[in-house]
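Have a look at this one with me when you get a minute. I've jotted down a few points to help you find your way around.

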Amino acid sequence: MKMSCARYPNADQAIEVLTARETAELQRREQIYREGRPAPELRDRIAILVDDGLATGATMRAAVKALRQRGIAKIVVAVPVGPPDTCHEIEEQADETICLSTPEFFQAVGQYYEDFSQTTDEDVRELLGRATERRSISAGQEQITD
């Protein structure tokens, strides 16, 4: 996405606009992915944020910021690949950052995958629904054996 220099005279303003946009997208996805389920209590917990890679880091910065606002105890970011400067920026914001590969001539996350097809919202809802079912079944079994 290109940004007009006149509209965003400095990098900080451009980052704030991108962060706001990515935060709104995260909120949209959270709403459709939860399907009415309440958000988990995150205060004083450890969160591990995993992504397929970092390019600009805008989405990850927005995620870190959102978790900080919820009182998270520790944020760990784990990605397989990202440009050195972006990984360094995320290191400064997260409590721990694992970036397995930081190629000097990074162009795009997709270049490091044989299949970089997008996961649809429907795929995510289905996977989260199955995980919720498994947790419910496990919780029921724990109650029976206690």
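Here are my notes, point by point.

1. Before you start: this is a predicted model, where local features need pLDDT of at least 70, side-chain atom pairs count only at pLDDT 80 or more, and totals for chains, interfaces and linings use all residues. Residues are numbered from 1 along each chain as its sequence is written, and side-chain values use heavy atoms, with hydrogens and water left out.

2. Try helix α2, residues 58–69 (helices are DSSP runs of H or I, at least four residues, and strands are runs of E, at least two, numbered from the N terminus). Its 12 residues reach 17 Å from first C-alpha to last, close to the 16 Å expected at 1.5 Å a residue (that is, 1.5 Å times one less than the number of residues).

3. Which residues of α2 are buried (under 20% relative accessible area, 1.4 Å probe, protein chains only)? They are A58, M60, R61, A62, A63, V64 and L67. These buried residues pack against α1 (11–34), β1, β2 (74–81) and α3. Just after α2, look for G71, with a positive phi of about 75 degrees.

4. Now go to T86 in helix α3, residues 84–93. T86 counts as buried because its relative accessible area is 4%. Its side chain reaches the backbone oxygen of A55 at 2.9 Å. Setting aside neighbours within four places in sequence, T86 is in contact (heavy atoms within 4.5 Å) with L54, A55, T56 and G57.

5. Finally, find I48 in strand β1, residues 46–50. Buried or exposed (over 50% relative accessible area)? I48 has 59% relative accessibility, so it counts as exposed.

Terms used:
A polar contact is a pair of N or O atoms within 3.5 Å; within protein, one must be able to donate a hydrogen and the other to accept it, and residues adjacent in sequence count only if both atoms are side-chain atoms.
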